[in-house]
2 protein chains.
Amino acid sequence: MESKQNTLYIASLAKGLRLLRAFDEGNTELSLAELAQRSGLDKSATQRLANTLYMEGMLDKDPDTRRFRPSHAWLQLAYAYYWSDPLVGQAIPKLIDLAQDLGETVNLAEISGDHIVYVSRLPCKRTYFAATIIGRRLPALSTSAGRAILSTVPEAERNAAIDTWPIRKFTPGTTTDRAQIRDSIEQAVVDGFAISTGQMILNEIGVATPIIGHDGRAHAAVQCSVSAHTWSREKIVQDILPKLQDTANAISPSFQPYRGTAQGPSDPD
Amino acid sequence: MESKQNTLYIASLAKGLRLLRAFDEGNTELSLAELAQRSGLDKSATQRLANTLYMEGMLDKDPDTRRFRPSHAWLQLAYAYYWSDPLVGQAIPKLIDLAQDLGETVNLAEISGDHIVYVSRLPCKRTYFAATIIGRRLPALSTSAGRAILSTVPEAERNAAIDTWPIRKFTPGTTTDRAQIRDSIEQAVVDGFAISTGQMILNEIGVATPIIGHDGRAHAAVQCSVSAHTWSREKIVQDILPKLQDTANAISPSFQPYRGTAQGPSDPD
DNA sequence: TGACACCGTATCATAATATGATACATAAAA
DNA sequence: TTTTATGTATCATATTATGATACGGTGTCA
């Protein structure tokens with residue numbers, strides 16, 4: 001089989017991880033056959049790996065349908081992650097205050113390669129789409145948070161990112177023109193914040209301010225999503241933005257930049 | 001080596017998972033040696049497994065200190081979990097409303113073997129310990145949520161649980177006497193809710209109401225934690241409890257009971 | 001400065017472990 | 001009923017993981 005490399009790579013472990021990754025928002029429970037199909041592994045391998053994950057408590061199994069599901073252990077991993085991320089402890093209390101103050105949903109996003117990951121969400125009111133987005137991974141260029149973060153990196157690197165990083169069309173209103181995205185980011189360089197309309201969801205406006213680290217670069221952003229029905233661009237800049245920036249600045253100074261990086265493939269999901 | 005069983009158990013995968021589980025609130029970043037020590041694996045195995053996890057993007061690595069950390073992928077797993085858990089989608093919108101209404105922190109907890117797992121948290125105000133508790137796993141008997149859930153199971157099973165399930169002492173005020181815990185749970189059988197004082201944190205009061213499924217049993221609970229400085233038991237019963245119960249009942253009817261169970265060892269952490 | 005201990009990294013011959021083809025059983029579809 | 005698909009179990013083979021060993025770098029104690 002495709003031995004990824006040399007002797008310090010254990011294929012069995014990697015294959016097991018592929019099974020875990022077979023689950024997502026569209027595939028919440030999978031049969032053995034589906035698991036095999038989605039992971040690209042043959043039936044026998046899938047059988048053994050899934051059984052191992054089951055025995056280790058990483059997968060639940062419905063005794064009737066024999067379908068597999070993510071177990072609570074997946075949340076325990078998130079718990080461990082939270083403690084390991086130095087930014088989380090710093091930011092959460094301030095984000096709580098911000099969310100209470102604004103009365104709108106506030107998110108914390110971090111850069112992860114060419115994507116951003118939502119690390120924490122403080123929901124307020126009836127959130128349009130009430131689903132949690134913790135752990136959601138999106139192309140950085142297509143999000144206000146990603147653009148805010150990119151606005152803090154050196155010009156050359158920034159331009160390279162704008163030219164090469166992935167983009168995805170979520171709604172009819174999603175910007176797919178890189179020139180337009182460049183304008184948006186350059187505007188953010190000047191303004192110190194990024195704002196985008198209807199990129200992810202129709203009638204949704206996102207504002208984000210970068211959380212700047214010691215090196216002057218942002219690795220994260222505070223983001224706020226509001227409805228275009230009740231908010232205008234001007235009103236956001238006037239009422240939300242100042243508080244958003246205060247919060248981001250309050251988090252910034254003591255933040256140890258996050259230097260580690262996994263070299264996983266930049267999967268174009 | 002200790003082949004857990006037969007031919008449908010892949011030891012390498014299980015060992016890799018042990019590395020992941022080596023990270024927790026007290027061990028947020030680990031060197032290779034520490035990883036080996038905590039997982040109980042020898043240096044070579046740890047080296048290979050950690051390297052594989054790194055290549056697959058499951059671990060980050062600080063290029064200077066060479067220490068490993070949980071990666072963003074751990075949050076992506078949580079994301080997949082949220083979509084797979086039918087209760088989450090049902091409950092979150094109602095919990096948001098409840099949290100806004102109460103102005104206090106609201107949690108969703110699920111039973112997982114003899115422990116409970118916090119699945120979602122809606123923080124309000126300055127939460128005493130602002131840390132997130134999503135994914136935190138606690139002995140069911142030591143929590144208000146666990147007692148609320150246990151109050152809905154048949155008597156025989158309930159008694160067996162009270163006699164055998166694990167207990168842990170978190171504060172000087174934590175109840176370790178099973179007779180007392182039995183009283184607390186039997187009271188919950190009558191009242192329909194559980195309340196506990198200073199079990200996890202000093203001066204913290206927890207109230208929980210069970211979310212009852214089709215089979216009449218609860219697999220989850222809505223929980224609220226407040227400060228004993230500003231709340232008395234009576235005030236909680238008067239002001240918080242009714243809303244808490246309404247919310248739990250609103251979630252209950254349409255909830256498909258969660259039948260799958262991993263057979264992992266009941267680790268006494 | 002040198003000696004020592006520790007850690008991360010790399011290599012390699014060996015055998016233990018994972019492999020995947022195959023067969024059986026059960027359940028769903030025709 | 002027959003047919004198809006899916007979950008489960010078995011087994012001989014060689015591919016794959018193993019772990020002992022060695023090397024280079026770094027920090028610590030004399």
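In which loop of chain A is the place of Ser151(A)? Keep that in mind; the tour ends there. The model is predicted.

**Stop 1: chain A alone**

Select chain A and colour by secondary structure. You get 9 helices and 8 strands. Now switch to burial. Of the 269 residues in chain A, 56% count as buried. Add a surface. Its accessible area is about 11200 Å², and carbon and sulfur atoms hold 50% of that. Next, turn to the contacts in chain A with a separation of 6 or more. Residues 24 or more positions apart account for 56% of them.

**Stop 2: both protein chains**

Show chain B as well. A turn of 180°, with a shift of 0.0 Å along the axis, lays chain B on chain A with an RMSD of 0.0 Å. That is the relation of a two-fold axis. To find the axis from chain B, select the C-alpha of Leu13(B). This is the C-alpha of chain B nearest the axis, 2.2 Å from it. Both copies use the same surface: 100% of the contact residues of chain B recur in chain A.

**Stop 3: DNA strand C**

Select DNA strand C and the residues around it. There are 20, and the closest are Lys15(A), Arg48(A), Ala11(B), Ser31(B) and Ala33(B). Of the strand C atoms that come within 4 Å of the protein, 50% are sugar and phosphate.

Zoom in on the phosphate oxygens of strand C:

- Ala11(B) places a polar backbone atom 2.8 Å from a phosphate oxygen.
- Ala33(B) also uses a polar backbone atom, at 2.9 Å from a phosphate oxygen.
- Arg66(B) uses its side chain: a polar atom there lies 3.5 Å from a phosphate oxygen.

Zoom out to the elements. Those giving two or more residues to this surface are helices H1 (11-21) and H3 (43-55) of chain A, with helices H1 (11-21), H2 (32-39) and H3 (43-55) of chain B. Which element has the largest share of the surface near DNA strand C? H3(A) does, with 3 residues. Colour by class: the surface near strand C has 6 nonpolar, 7 polar and 7 charged residues.

**Stop 4: DNA strand D**

Move to DNA strand D. Of the 20 residues around it, the nearest are Ala11(A), Leu32(A), Ala33(A), Lys15(B) and Arg48(B). Sugar or phosphate makes up 53% of the strand D atoms within 4 Å of the protein, and bases make up the rest.

Pick out three contacts in chain A:

- Leu32(A) has a polar backbone atom 2.9 Å from a phosphate oxygen of strand D.
- Gln47(A) reaches a base: an N or O atom in its side chain is 3.1 Å from a base nitrogen.
- Arg66(A) has a polar side-chain atom 3.5 Å from a phosphate oxygen.

H1, helix H2 (32-39) and H3 of chain A, with H1 and H3 of chain B, each supply at least two residues here. H3(B) has the largest share of the surface near strand D, 3 residues. By class, this surface divides into 6 nonpolar, 7 polar and 7 charged.

**Stop 5: Ser151(A)**

Back to the opening. Ser151(A) sits in the loop between helix H6 (144-150) and helix H7 (155-164) of chain A. Why does Ser151(A) count as buried? Because its relative accessibility is 11%, and buried means under 20%. Show its side chain. A polar atom of that side chain lies 2.6 Å from the backbone oxygen of Ala148(A). Then select the partners farther along the sequence. Leaving out residues up to four places away, Ser151(A) touches Arg158(A), Ile185(A), Ala188(A) and Val189(A).

Definitions and conventions: Residues are numbered from 1 along each chain as its sequence is written. Chains are lettered from A and ligands numbered from 1 in the order in which they are written. This is a predicted model: local features need pLDDT of at least 70, side-chain atom pairs count only at pLDDT 80 or more; totals for chains, interfaces and linings use all residues. Side-chain values use heavy atoms; hydrogens and water are left out. Copies are superposed by least squares on the C-alpha atoms of residues with pLDDT of at least 70 in both. Contact means heavy atoms within 4.5 Å. Helices (H or I, at least four residues) and strands (E, at least two) are DSSP runs, numbered from the N terminus. Buried means under 20% relative accessible area, exposed over 50%, partly exposed in between (1.4 Å probe, protein chains only). Accessible areas come from the Shrake-Rupley method with a 1.4 Å probe; for residues, only the protein chains shown count as cover. A residue is near a molecule or strand if one of its heavy atoms lies within 4 Å of it. A polar contact is a pair of N or O atoms within 3.5 Å; within protein, one must be able to donate a hydrogen and the other to accept it, and residues adjacent in sequence count only if both atoms are side-chain atoms. Ala, Val, Leu, Ile, Met, Phe, Trp, Tyr, Cys and Pro count as nonpolar, Asp, Glu, Lys and Arg as charged, and the others, Gly among them, as polar.
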